[in-house]
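Visitor: I am new to this structure. Could you walk me through it with some questions and answers?

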Amino acid sequence: MSETCHKVTITTPIYYVNDIPHIGHAYTTIIADTLARYSRLKGHETRFITGTDEHGQKIEEAAKSRGKSPQAYADEISGKFKTLWDEFDISYDTFIRTTDEKHKKGVQKAFETMYNNGDIYKDEYEGFYCVSCETFFTQTQLLEDECCPDCGKQTSIVKEESYFFKLSKYEDRLLAWYEEKEDCVLPKGKKNEVINFVKQGLHDLSITRTSFDWGVKLPDSLHDPKHVMYVWLDALMNYITALGYGDDERYMEFADNMTHLVGKDILRFHAIYWPAFLMSLDLPLPKHIAAHGWWTRNGEKISKSKGNVVDPREVANAYGLENFRYFLMREVPFGQDGDFSQKALIDRINSDLGNDLGNLMNRIIGMSGKYSDLVIDSSNVRTYHDKELKEAEALLENIEEYIYQMQLNRYLETLWKVLTIANQAITTHEPWVKMKEGKTEEAMALVALVANLLARVAILLSPVMPKTCDKIATAMGFSINTKTYQSLYHDRALLETFTIQKLPALFPRIEEEVLAVKEVVSAKKEKKKKEKTDGIITIDQFFETKLKIGTILTAQEVKKSDRLLQLTVDVGEDEPRQVIAGIKEYYNPADLVDTQVCIVANLKPAKIMGMLSQGMLLAAKDKEGLSLMRPEKPKKSGTPVG
């Protein structure tokens, strides 16, 4: 994002009201909140939009099953999202609902505009429809000839009159946009997936339904009341109706610089359908469409049936909201899947936050209390510690790039390198020794150095941990705002002389897990049950193991290992998996590339020599050596075995 851009829009997807908020919703929203807070810190005018998606057949059926009207059901679930974001102090500017009258008015205007532009026509549609995903699929896209390729649920054949959007018309313009705007889709690996999908050819998109009634009606000018708009057309338009499109358009100029945060499962809708709609409307295209991964729990897919759903409110209440925010941003590179466990969260709190950040604050208070009655004077910092200052400034110089490229874990890693410089400076220069030697000025310069490094970290960390950083800043005599961001970070000024305030420990050490984990108990029961059978398993237990055909994309030796190879394997998922396999003495890495293997696909990920292994290859070994189990003929990556 350039320094000259002063109007910024950050959005989450609007969340579908078929269930209550979970960790995935919290993850997206907290990332967006972090970006919005950072943009405001820089002085940009910022619009942060979130909300709920409330139309469609799935909502209509869910409401009916509960004996409620669709509107009453939507009100209830939407309220739960808004309440949670308010409890989490999410700094949104607009909470939009697709049942808002202003939104409906804007969607109808967009439909009419695209129709008048010749981009919408009426025809008849027949295809395989997934109610859960609100999406049509072709026969070739289905799993086992009848199941949805996205969610696995059974589809039904639907034939109905429909209006179509000429998506095929925009194929070349979309490809040109992807080529021209290098970072329009992030991470870049996801962009390649989108490009490959478009290059296979785009078909016109069915954008209305007549088989249910819970949706936005077509504009009156079309005189076709039996149709309601396709939920994805309706939902995507929220990004401009929230800025006033079709009503009071005072904020429409914010559409010139828009960043969308989405889960990887809805990237196609946002990176293909949405830009094509905007092209038809002659509106600006998004600056970034950023797709993040999914979360597992203790290495297992999260599901209600397993009882391992992560309730973000419970986690925040148990471990602290700001600690939870930090964990989500730091634990996993953006775009990759993350694993939530209480152990990992506790490790982050005790190590990163307690030992590195909180303890540094305690050391500054302790040293200044002993040496100077809590008064800290920065006048001699550059005289004695210019080297450390320049090291930190070099680290922080281009840190903003990580924010807007969605590399939030690297952003935080860089801040922690600055904390390391501060903590190491104390160890290296031993101010307590200098005090004994009568070198008071040098000792106080060291304390001031560390305080200034912490102040800069607090400013830059504040979008992730706003309340914690406000406590640190208040104790050190300054406020976190655009003025201090410009002065202390951008202009590299030093703190004026101040008296530091004592603070209680920011991150009290956590000794044991706080939340009860239902799935651990059930796993122990299952283990005992299996032990009683003396190793004999049922056919159902056998099918709990998921075997898939994988294609090896890359292979290389693991340094310092005599037996391990590091492989990336395509198993038909959104991203290839990394597998660490002990086959080095039997296979040359170059010979494995583009060959196929059988992989255990639902094995709990494990770390081997510090690297994550997300599966296991099947192989047979005897006195003649080891052989990988391979399909007799080439199969599509991800094909189930069994």
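Visitor: In what order do the strands of the open sheet of 4 strands lie?
Guide: This is a predicted model. In it, the open sheet has antiparallel pairing. Strand 6 and strand 9 (205-206) are its edge strands, as each pairs on one side only. The order is 6-5-7-9.

Visitor: How many bridges join strand 5 to strand 7?
Guide: Strand 5 covers residues 120-130, and strand 7 covers residues 156-165. The two run antiparallel. Glu124 stands opposite Glu161 in strand 7. Tyr125 has Glu160 as its bridge partner there. The number of bridges is 10.

Visitor: Which residue in the turn between strand 5 and strand 6 has a positive phi?
Guide: Strand 6 (residues 135-137) pairs with strand 5 in the antiparallel sense, over 3 bridges. Cys130 has Thr135 as its bridge partner in strand 6. The two strands form a hairpin with 4 residues between them. In that turn, phi is positive, about 55 degrees, at Glu134.

Visitor: How far apart are the end C-alpha atoms of helix 4?
Guide: Helix 4 (residues 101-116) has 16 residues. At 1.5 Å a residue, they should span 22 Å. The model agrees with this, since the end C-alpha atoms are apart by 23 Å.

Visitor: Within what arc do the buried residues of helix 4 fall?
Guide: The buried residues are His103, Gly106, Val107, Ala110, Phe111 and Met114. Seen down the axis, they line one face of the helix, because they fall within an arc of 140 degrees.

Visitor: Which exposed residues does the face of helix 4 turned away from its buried side carry?
Guide: Exposed here means over 50% relative accessible area. On the face turned away from the buried side, the residues that qualify are Glu101, Lys102 and Asn116.

Visitor: Which residue with a positive phi follows helix 4?
Guide: Its phi is near 85 degrees. The residue is Gly118.

Visitor: Which helix gives the largest share of the largest nonpolar core?
Guide: This core has 172 residues. Trp85, Phe165, Met237, Phe277, Leu415 and Met476 touch the most other members. The largest share is 15 residues, and it comes from helix 17 (residues 440-461).

Visitor: How many residues are in the second, separate core?
Guide: Leu565, Val579, Ile599 and Leu617 are included in it. In general, nonpolar side chains tend to be buried together in soluble globular proteins. The second core has 16 residues.

Visitor: Which residues is Trp85 in contact with, leaving aside its neighbours within four places in sequence?
Guide: Contact here means heavy atoms within 4.5 Å. By that cut-off, Trp85 is in contact with Tyr15, His25, Ala26, Thr29, Thr50, Ile90, Tyr92 and Phe95.

Methods:
Residues numbered from 1 in each chain as written. Predicted model: local features only at pLDDT ≥ 70, side-chain atom pairs only at ≥ 80, totals over all residues. Heavy atoms only, no water. Pairing = 2+ DSSP bridges. Expected span 1.5 Å × (residues − 1). Buried < 20%, exposed > 50% of the residue type's maximum accessible area, 1.4 Å probe, protein only. Arc of directions from axis to C-beta. Core = buried A, V, L, I, M, F, W, Y, C linked by side-chain atoms within 4.5 Å.
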